[in-house]
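Open the model in a viewer and keep the sequence panel beside it. The stops below say what to select and what is found there.

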Amino acid sequence: MEITSAEFVVSNSRADMCPATHLPEYAFIGRSNVGKSSLINMLTKQPKLAMTSATPGKTLLINHFLVNKEWYLVDLPGYGYAQRGKKMMDKIEKLIQHYVLEREQMTCLFVLVDSRLAPQKIDMEFIEWLGENGVPFAIIFTKADKQSAGKTRANVDIYLSELSKQWEELPPYFISSAEKKTGRKEILDYIEQINHS
Ligand code: GDP
């Protein structure tokens, strides 16, 4: 799929106030600083579409972007901001839970994890929770340019073997770099394939 248009539609602090349409939604989530905004900007070829974590406030909201007038790309708040305090964490968690569990249009949730790191507890717990709740998801390993392809592969394999302890079937996964613009075609083709199935 090629993206011919991508426009910001609305930011929400409540899942039940998201756009009242039936278009399919593909949501992106991950720990703060995982490279979510950079990936969204890379996918849409709009360097400033998603606000990076350097922009306070916006990253606490659910942001809807209309793509090709056909589907929504949804930028969810990052989880695991320890420095934000427990009250804020609870608020963000509730917002995420509400969107992920209640939003019928949510077609696939892309969970971003840093390709350089060993499996992180918070990500593994989140993925387990998705499984328990039957949420359709895929994993995107980010920042692959920051190390050799061999090291990325080795890290991804560790991750997959960790997941295979919990799962009979592994989720789809992608390796990406916003810097080198890799993984773009694979992720967009995956979305297109679901949209047309
Ligand atoms: P977010 O908090 O998940 O939205 O993360 P950002 O997109 O704001 O990225 C966090 C930091 O990682 C920024 O300094 C980005 O420039 C950097 N970054 C994000 N993606 C990549 C990538 O693919 N390669 C490299 N080298 N740096 C990246």
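Select strand E3, residues 62-67, in this predicted model. Five of the six residues of E3 are buried, so the strand is mostly covered. Now add strand E1, residues 6-12, which runs antiparallel to E3 and is joined to it by six bridges. Within this pair, look for Phe8, which stands opposite Phe65 of E3.

Keep Phe65 selected and turn to E4. E4 is also an antiparallel partner of E3, through five bridges. Here Leu73 of E4 is the bridge partner of Phe65. Follow the chain through the hairpin of E3 and E4: three residues lie between the strands, and Asn68 has a positive phi near 50°.

Next, select helix H1, residues 36-44. Which residues of H1 are buried? They are Lys36, Ser37, Leu39, Ile40, Met42 and Leu43. Show what these residues pack against: strands E2 (25-30), E4 (71-75), E5 and E6 (137-142), together with H5. Just past the end of H1, Lys45 has a positive phi of about 55°.

From H1, move to Phe28. Apart from neighbours within four places in sequence, Phe28 is in contact with Lys36, Leu39 and Ile40, with Val74, Asp75 and Leu76, and with Phe110 and Leu112. Phe28 belongs to the largest nonpolar core, which has 39 residues. Along with Ala27, Val111 and Leu112, Phe28 touches the most other members of that core. Colour E5 as well, since this strand gives the core its largest share, six residues.

E5, residues 106-114, leads on to helix H3, because this strand is part of what covers the buried residues of H3. Select residues 121-132 to see H3 itself: its 12 residues reach 16 Å from first C-alpha to last, close to the 16 Å expected at 1.5 Å a residue. Which residues of H3 are buried? Asp123, Phe126 and Ile127 are. Look down the axis of H3: the buried residues fall within an arc of 95°, so they line one face of the helix. An α-helix has 3.6 residues a turn, so residues three or four places apart point the same way. On the face of H3 turned away from the buried side, find the exposed residues Lys121, Glu125 and Glu132. After H3 comes Gly134, with a positive phi near 65°.

The last local stop is Tyr190, in helix H5, residues 184-195. Is Tyr190 buried, partly exposed or exposed? Tyr190 has 17 other C-beta atoms within 10 Å, so it counts as partly exposed. Beyond its neighbours within four places in sequence, Tyr190 is in contact with Ala138 and Pro172. For a distance across the model, pick Tyr190 and Val10: they are 180 residues apart along the chain, and their C-alpha atoms are separated by 25 Å.

Finally, clear the selection and show the whole chain. The protein has five helices and seven strands, in the order β-β-α-β-β-α-β-α-β-α-β-α from the N terminus. The radius of gyration is 16 Å, close to the 16 Å that the globule rule gives for 197 residues, so the protein is as compact as a globular protein of that length. Along the principal axes, the C-alpha atoms fill a box of roughly 40 × 40 × 35 Å. Colour by burial, and 30% of the 197 residues will show as buried. Of the contacts with a separation of 6 or more, 73% are between residues 24 or more positions apart.

Note on methods
Residues are numbered from 1 along each chain as its sequence is written. This is a predicted model: local features need pLDDT of at least 70, side-chain atom pairs count only at pLDDT 80 or more; totals for chains, interfaces and linings use all residues. Helices (H or I, at least four residues) and strands (E, at least two) are DSSP runs, numbered from the N terminus. A residue is buried if 20 or more other C-beta atoms lie within 10 Å of its own, exposed if 12 or fewer, and partly exposed in between; C-beta atoms are placed from the backbone. Two residues are in contact if their C-beta atoms, placed from the backbone, lie within 7 Å. The radius of gyration is taken over C-alpha atoms; the globule rule is 2.2 Å times the number of residues to the power 0.38. The expected span of a helix is 1.5 Å times one less than its number of residues. The arc is that of the directions from the helix axis to the C-beta atoms. A nonpolar core is a set of buried Ala, Val, Leu, Ile, Met, Phe, Trp, Tyr and Cys residues joined through C-beta atoms within 7 Å. Two strands pair if DSSP finds at least two bridges between them.
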